[in-house]
Amino acid sequence: MQRPKAPRALPESAMPAVQVFEALKDGAATFSDAVMTPMMAQYAKIKAAHPDCLLFYRMGDFFELFFDDAVAASRALGIQLTKRGKHLGEDIPMCGVPIVRSDEYLQKLIAAGFRIAVCEQLEDPALAKKRGPKSVVRRDVVRLVTPGTITEEALLDAACNNFLTALFKAPGQDAAFALASVDISTGECFVGESSAPDLAGDLARLAPKEVLLSTALDGDRKLRAAIDNAGAAITPLPDP
Amino acid sequence: MKKELGVAALDAFGSFSRGELAACAALLKYLEITQIGHKPVLRPPRRAGGAASLVIDAATRANLELVRSLGGRKQGSLLFAIDRTVTSAGARELASRLASPLTCAEAIHARLDAVALLLDRQMLRVKLRDILEAAPDIARALSRLALGRGGPRDLGGLRDGVSAARDLARLLAQAHGLPAEIAAIAERLTGDDGGLLAELTAALGEELPHFKRDGGFIRSGFRPDLDENRRLRDDSRGVIAALQSRYAAETGIKALKVRHNNVLGYFVELSANTAGPLLAAPLSDAFRHRQTLANAVRFTTAELVDAEARITGAAERALAIELDCFEALTALARAHERVLCAMAAALAELDLYCALAELAEEQNYARPTVDKARAFRIEAGRHPVVEQSLLKNRAGPFIANDCDLTARRLWLVTGPNMAGKSTFLRQNALIAILAQMGSFVPARSAHIGVADRLFSRVGASDDLARGRSTFMVEMVETAAILNQATDRSLVILDEIGRGTATFDGLSIAWAAVEHLHDVNKCRALFATHYHELTELAGRLDGTTNVTVAVKEWKDNIVFLHEVVQGTADKSYGIQVAKLAGLPASLIARARQVLARLEKQQGKPRPALEDLPLFAQLAPPPAVETQDRGPLLIALHAINPDAMTPREALDALYRLKTLASGEG
């Protein structure tokens with residue numbers, strides 16, 4: 001079975017965008033119009049909330065990607081890397097995919113191990129214009145696309161379920177694992193328990209595309225190998 | 001979670017452990033994070049795994065190529081070979097059942113009854129499959145609509161899906177004597193959709209666009225206000241055409257055109273050399289100049305601006321009404337999602353049963369007898385994948401073979417490479433899986449007492465990515481089998497111990513057979529090159545020897561692919577090597593070496609590969625030491641002449657420990 005690739009390590013670029021965004025989130029940095037256009041400021045704020053995803057930023061008929069996201073996506077998709085404006089005196093790397101073909105690009109990126117945050121325009125651009133020359137169209141992330149949560153025909157194998165599985169080890173019970181699985185493209189849900197020796201077989205039976213793993217299990221190498229072997233991507237469980 | 005699933009109490013689905021509830025909660029939380037404001041369709045959770053299904057470990061699934069070949073492709077897998085479904089949902093159901101065969105004989109029988117009926121009533125099956133073939137994927141269409149990613153074609157999918165369900169239900173209602181599984185399907189196909197089908201049929205047109213924003217998917221006559229706005233929009237387009245001819249007449253310029261773009265809206269366009277009259281009074285009063293291009297001049301008029309506003313307004317209002325209808329229809333579908341999900345599941349199952357019946361007819365499969373006995377009796381069994389591939393390549397018929405592990409539950413299978421040992425082993429495992437998933441099987445007859453676990457250790461592959469050698473992988477998998485197989489399990493072992501030095505391998509294989517026979521007491525097929533092992537059949541009463549027959553003809557061998565009682569007289573390694581195309585000179589030299597080795601040994605040894613160059617240094621065969629206990633074996637293995645004093649002392653301590661262990 002083909003190993004799913006881990007999200008690519010982003011290359012060191014001239015633009016340490018991730019650090020900039022982190023600093024923004026902590027309040028250690030602020031944007032001024034001299035540094036960033038209002039649009040880039042909006043982009044940076046949204047990106048900071050989704051550091052582990054590629055941000056598909058809607059601009060008219062395109063989803064645009066900037067900074068390290070653009071570098072990574074252009075490489076994975078084999079599309080032109082270009083630039084748009086400047087940040088801290090350097091060109092901002094950019095690439096874009098047309099909305100009408102976005103499914104196809106999403107599929108490639110998911111297959112390459114990326115997660116994608118889809119950021120849409122939430123109002124008519126004409127409304128933003130009315131607010132003043134410097135106002136930006138309201139945008140926000142409407143959906144995260146991950147291997148276990150896709151529903152588009154183009155992204156799915158019609159003859160295969162697409163399970164997202166949460167794996168949980170009950171405290172106190174030494175060998176018992178609990179599994180809950182859902183295929184949101186069909187609504188099917190399965191729940192069950194497994195033992196340490198049978199877990200790899202149960203994962204192979206379900207063949208999930210994505211497994212949610214609590215931090216307690218995250219360090220278990222044997223478990224990670226079993227998940228990997230079943231062909232699933234591993235996602236750390238969100239904090240309760 | 002109760003709220004998410006829209007039920008009063010989860011207990012309705014059986015009780016769940018705290019761990020299971022925590023896992024469900026984690027799933028729902030993650031769906032909230034990723035779907036942001038959209039609630040996916042969720043069916044009531046079902047129990048999976050555990051004692052209700054045949055436990056098959058990951059290595060066995062991969063080795064038996066159930067859903068993927070070892071090369072990772074669908075082609076060459078069991079799933080690919082048996083899939084005769086005509087819908088995606090049916091294909092998913094088949095994959096899911098193949099992955100989780102049952103252990104409850106009654107449930108398996110219920111499934112087999114359904115297949116038997118559809119095999120028997122060929123006309124009914126043909127009619128059902130005709131309808132199924134055109135039935136869309138209800139589950140996936142509904143899911144997209146629920147998550148706000150649906151389009152008019154998904155609504156069309158629901159309409160055609162529900163309509164197909166009704167047609168299928170009508171056909172089934174005319175049939176008599178339906179078994180329980182099919183009756184349950186028929187019931188779900190007739191579930192009350194609360195008028196959804198009627199509403200969708202009345203609302204949706206025939207040609208549906210991909211995106212809702214394209215509009216034009218609501219049938220005329222469904223909403224009077226929509227028709228009104230569409231008429232306004234279309235009438236105004238007529239007005240534009242009328243204006244163009246009027247302007248042409250008024251100005252006397254025949255080449256005058258009314259065009260449209262997003263910046264100017266509707267405008268009059270003239271070529272640069274004919275535009276003169278419109279730029280001067282009196283015409284310039286009515287025709288306001290807007291734009292001059294290299295070879296065109298553009299004007300607007302009050303009438304065009306007015307028509308523009310009416311057309312855009314009407315088109316926008318028409319689209320808004322269509323989107324409103326879309327949301328209303330989606331909401332109606334969501335309000336009946338329980339019924340729709342049940343219908344989708346019923347369609348999938350019906351397709352699956354029809355497909356298994358089709359397969360049974362086409363490939364001449366037999367209904368297996370499945371019960372709680374410890375029987376495993378296959379008469380004229382075939383390998384489902386190899387059989388079809390032989391047929392496809394016109395490579396002759398598949399030679400069927402019997403297998404009976406009922407009385408003598410452990411078969412030792414010997415025979416040369418290439419003779420078909422592995423095929424024989426695998427086909428019996430696959431037949432067991434097919435039977436327990438509720439399919440007919442490739443055999444003249446089959447009686448299978450349900451297995452609780454299926455293990456197979458076939459072929460050898462390095463797992464270099466994790467730093468494990470072939471031998472290590474083999475031992476890890478063998479350990480799992482010996483630790484977990486019960487007296488209800490079915491075990492397929494192919495050439496255990498091959499990956500290490502001859503006598504180590506032989507000893508491990510020997511001990512493994514004893515363990516399977518005495519401790520696990522499972523039904524097992526054990527293929528081996530170690531002909532010494534065949535002696536075990538005389539010692540262990542639950543064991544028997546079989547071999548895959550070959551004929552020798554002028555130094556060549558002919559494979560008969562027939563499994564017969566007895567042991568192989570030799571390995572035919574050189575003959576197989578010759579078949580593989582090793583150089584003639586090499587083959588001749590190998591024959592010389594073999595002759596000499598056999599002579600030195602005093603008697604021809606049964607197994608060719610037991611003759612490596614260090615054979616003379618080897619200790620007496622493990623066979624003889626087997627009964628003497630670990631102390632004697634260990635003592636026997638010591639060669640004082642080859643030891644340092646330190647090693648000798650260590651050995652002495654080891655023997656003392658062994659001795660105290662025995663006492």
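Select first Ala110(B), Arg111(B), Asp113(B), Ala114(B) and Leu117(B) in α6(B): these residues meet Ala180(B), Glu181(B) and Ile182(B) of α10(B). Contact here requires C-beta atoms, placed from the backbone, to lie within 7 Å. Helices (H or I, at least four residues) and strands (E, at least two) are DSSP runs numbered from the N terminus. The model is a predicted one, in which local features need pLDDT of at least 70 and side-chain atom pairs count only at pLDDT 80 or more, while totals for chains, interfaces and linings use all residues. Residues are numbered from 1 along each chain as its sequence is written, and chains are lettered from A and ligands numbered from 1 in the order in which they are written.

Now display the two helices in full, α6 (residues 105-120) and α10 (residues 180-189) of chain B: they pack at an angle of about 80 degrees, with axes 7 Å apart. Axes are lines fitted to C-alpha atoms, for helices over the stretch in contact, and angles run from 0 to 180 degrees between N-to-C directions. α6(B) is therefore roughly perpendicular to α10(B), a term that covers 65 to 115 degrees. Their contact comprises five nonpolar, no polar and three charged residues. Ala, Val, Leu, Ile, Met, Phe, Trp, Tyr, Cys and Pro count as nonpolar, Asp, Glu, Lys and Arg as charged, and the others, Gly among them, as polar.

Turn next to the interface, where 51 residues of chain B are in contact with 49 residues of chain A. Elements of chain B that give two or more residues to this side include α5 (88-99), α8 (138-146) and α19 (470-484). α2(B) supplies the largest share, 14 residues. By class, the chain B side divides into 25 nonpolar, twelve polar and 14 charged residues.

At the same boundary, select strand β9 (residues 188-195) of chain A, which runs parallel to β1(B) and is joined to β1(B) by two bridges. Strands pair if DSSP finds at least two bridges between them. Val191(A) has Arg47(B) as its bridge partner.

Finally, in chain A, select the open sheet of six strands, ordered β3-β4-β2-β1-β5-β6 with mixed pairing. β3 (82-87) and β6 (139-145) stand at the edges, each with a single partner strand, so one side of each lacks a neighbour in the sheet. Neighbouring strands are turned by 35 degrees against each other on average, direction ignored. β3(A) pairs with β4 (residues 90-98) of chain A in the antiparallel sense over four bridges, and Lys83(A) has Pro93(A) in β4(A) as its bridge partner. Add helix α3 (residues 67-77) of chain A, which packs on the sheet and touches β1, β2 and β4 of chain A. The direction of α3(A) makes about 50 degrees with that of β4(A).

Note on methods
Contact = placed C-beta atoms within 7 Å. Parallel < 35°, antiparallel > 145°, perpendicular 65-115°, else oblique.
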